[in-house]
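Subject: Structure for your review

Dear colleague,

Please find below the structure that I wished to hand over to you. My findings follow beneath it.

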Amino acid sequence: MSKPSILHALQRRALICGIALAAALPSLADPPEAFPNKPIKWTVGFPAGGGTDVLARTVGVELAKHLKQQVIIDNRAGAAGMIAAEAISHAAPDGYNLLTADVAILAFNPAIYSNIRYDAQKSFTSVGLMGRFPILIAASTQSGIKNMNELMDQIRKGGVGYGTAGVGTPHHLAMEMLLGNTQTQADHVPYKGDAPALQDLAGGQIKVAALAPSLSLPFVKEGKLVPLAVTGDKRLPQLPNVPTLKELNLSTQAVYAWQGLVLPKDTAPERVQLISTALKTSLANPDVVRKLEELGMEAIPSTPEAMTAYVREEQSRWGPMIKARGITNK
């Protein structure tokens with residue numbers, strides 16, 4: 001074989017080897033997929049217009065700016081958030097499926113419901129905490145109840161029912177904690193959300209209810225409700241004259257309805273961290289903080305690790321209490 005022929009053969013072999021190597025190493029030839037490169041769906045397991053929904057929509061606008069993608073809020077209400085939680089627990093772990101995971105979904109439901117179809121400890125990856133609000137205990141103007149002492153006197157005499165947004169809600173658990181602390185009993189009147197409970201309270205159909213500040217504060221301002229106490233560590237800025245249960249020695253622990261953001265388990269850590277950073281930045285925005293304060297909420301941004309630890313603490317706190325009080329979905 002002549003020298004040119006040998007050279008030609010070597011060149012062909014090198015070309016073939018180069019093509020094979022490129023095919024065998026696509027990661028070297030293709031850049032990593034940009035994230036996010038399409039709209040992100042944020043599922044909320046509660047009706048539109050409530051505190052949880054408003055929080056998601058308020059933060060979602062800012063989150064979209066930082067992620068440079070549209071954030072679509074998807075309300076899938078029902079079953080104390082379990083419909084939404086189950087859906088996201090089976091969603092693709094690609095970073096495009098967010099869920100507002102609140103105290104009910106992560107701490108209450110596992111102890112209350114026997115047919116729960118997600119694992120509160122294993123089905124999700126924490127992104128970070130978002131916000132919290134205390135529960136407002138209020139009376140109807142027709143009830144004649146002006147303060148917590150008068151309410152407790154009526155509860156001890158019997159015949160007082162209290163309304164809440166439903167079985168297993170923070171509203172319900174806050175009242176059960178109060179009754180347990182004072183060794184008293186009262187009939188629970190569960191509604192399908194804050195709005196119908198609020199309407200019946202304002203209309204005098206029930207004497208007292210535990211409510212979210214986001215919906216009830218306007219009614220208090222208009223004189224349609226009598227605020228009695230809040231369940232937080234401190235008084236609400238909008239209600240500086242309304243004491244906390246702790247001030248009244250009716251509780252040793254605060255109760256908050258809190259919300260965090262989660263993704264399906266096995267979501268890539270780098271995507272979790274990217275969304276977590278954007279979430280914390282969004283919650284630090286003064287306009288977001290101000291909007292939440294107007295709704296009686298407090299921003300509580302955190303790392304994914306801090307959220308996971310907080311959820312475990314809440315599960316340890318509420319599980320035994322729920323069982324001791326015999327609270328079930330029946």
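Strand 3 and strand 10 (residues 256–264) run antiparallel and are joined by 4 bridges; two strands are said to pair if DSSP finds at least two bridges between them. Asp102 of strand 3 stands opposite Gln259 in strand 10. Helices (H or I, at least four residues) and strands (E, at least two) are DSSP runs, numbered from the N terminus.

Please note that this is a predicted model, in which local features need pLDDT of at least 70 and side-chain atom pairs count only at pLDDT 80 or more, while totals for chains, interfaces and linings use all residues. Residues are numbered from 1 along each chain as its sequence is written, and side-chain values use heavy atoms, with hydrogens and water left out.

Strand 3 also pairs with strand 1 (residues 40–44), in the parallel sense and over 3 bridges. Here Trp42 stands opposite Leu98 of strand 3.

Strand 3 itself spans residues 97–102, and 6 of its 6 residues are buried (under 20% relative accessible area, with exposed meaning over 50% and partly exposed in between; 1.4 Å probe, protein chains only). In a regular strand the side chains alternate between the two faces of the sheet. Asn97, Leu99 and Ala101 point one way, whereas Leu98, Thr100 and Asp102 point the other way.

Thr100, in strand 3, has a relative accessible area of 1% and is therefore classed as buried. Its side chain makes a polar contact of 2.7 Å with that of Trp42 (a pair of N or O atoms within 3.5 Å; within protein, one must be able to donate a hydrogen and the other to accept it, and residues adjacent in sequence count only if both atoms are side-chain atoms). Not counting residues up to four places away in sequence, Thr100 touches ten residues' worth of surroundings that include Thr43, Ala56, Met130 and Gly260, where contact means heavy atoms within 4.5 Å.The largest nonpolar core (buried Ala, Val, Leu, Ile, Met, Phe, Trp, Tyr and Cys residues joined through side-chain atoms within 4.5 Å) has 86 residues, and Trp42 and Leu106 are among those that touch the most other members. Helix 5 (residues 103–112) gives the largest share of this core, 8 residues. Leaving aside neighbours within four places in sequence, Leu106 is in contact with residues including Ala101, Phe124 and Trp258.

Yours sincerely
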